[in-house]
Amino acid sequence: MTSIKVEGMSDLQPGENRTVQVNGLSIAFFNVNGELFAIGNSCAHRGGSLGDGFLEGDIVTCPLHGWQYDVKTGSCVMVPSASVPCFPVKKEGNDIFIEV
C-alpha cells in the first residue's frame, strides 16, 4: 500500500462527508465524532455516490436506493455479502493521509 496525502480533509467537520479522487479512485471520506474514515465511493448495488449519502453515526445511506454501509469497515448493513473497499486513514498534524 502507498500512503498519499489528501488535500482539503482537515476542515471536514464531525457528521460531514466528502468525495475526493485519489490516484484515480473515487473515495468517500467521513468524519465520525472527529475520526476520519475512507471507503470506496461507489455503492455495491447500483454505483450511487456514498460520499453524497446521508451519514448517521457511523452508517452512510446511499442516496440512490438506500443501501447502508458501515464507514468504519465498508460492510453493507443490509446485505452482509456486499461491501465496498475500506482505506486506512492517518492524521499527522493537520495533514491527512490515506493508504491505497
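Which side chains along S1 point to one face and are buried, and which point to the other and are not? Keep that in mind as you open this predicted model.

**Stop 1: strand S1.** Select residues 3-6, which form strand S1. Colour Ile-4 and Val-6. Both point to one face of the strand and are buried. Now colour Ser-3 and Lys-5. These two point to the other face and are not buried. This fits a general pattern: in a regular strand, side chains alternate between the two faces of the sheet.

**Stop 2: the whole sheet.** Add strand S10, residues 95-99, and strand S9, residues 89-92. You now have an open sheet of three strands, in the order S1-S10-S9, with antiparallel pairing. S1 and S9 are the edge strands, so look for pairing on one side only of each. Turn the view to see the twist, which averages 30° from one strand to the next.

**Stop 3: the pairings.** Look between S1 and S10. Four bridges join these antiparallel strands. Select Phe-97 in S10 and find Lys-5 standing opposite. Now move to S9 and S10. They also pair in the antiparallel sense, over four bridges. Select Lys-90: its bridge partner in S10 is Phe-97.

**Stop 4: Thr-61.** Leave the sheet and select residues 59-61, strand S6, where Thr-61 is found. Show its side chain and that of Gln-68. The two side chains make a polar contact at 3.1 Å. Next, display what else surrounds Thr-61. Leaving aside neighbours within four places in sequence, Thr-61 is in contact with Gly-53, Phe-54, Gly-66, Trp-67 and Gln-68.

Definitions and conventions: Residues are numbered from 1 along each chain as its sequence is written. This is a predicted model: local features need pLDDT of at least 70, side-chain atom pairs count only at pLDDT 80 or more; totals for chains, interfaces and linings use all residues. Side-chain values use heavy atoms; hydrogens and water are left out. Two strands pair if DSSP finds at least two bridges between them. Axes are lines fitted to C-alpha atoms, for helices over the stretch in contact, and angles run from 0 to 180 degrees between N-to-C directions. Buried means under 20% relative accessible area, exposed over 50%, partly exposed in between (1.4 Å probe, protein chains only). A polar contact is a pair of N or O atoms within 3.5 Å; within protein, one must be able to donate a hydrogen and the other to accept it, and residues adjacent in sequence count only if both atoms are side-chain atoms. Contact means heavy atoms within 4.5 Å.
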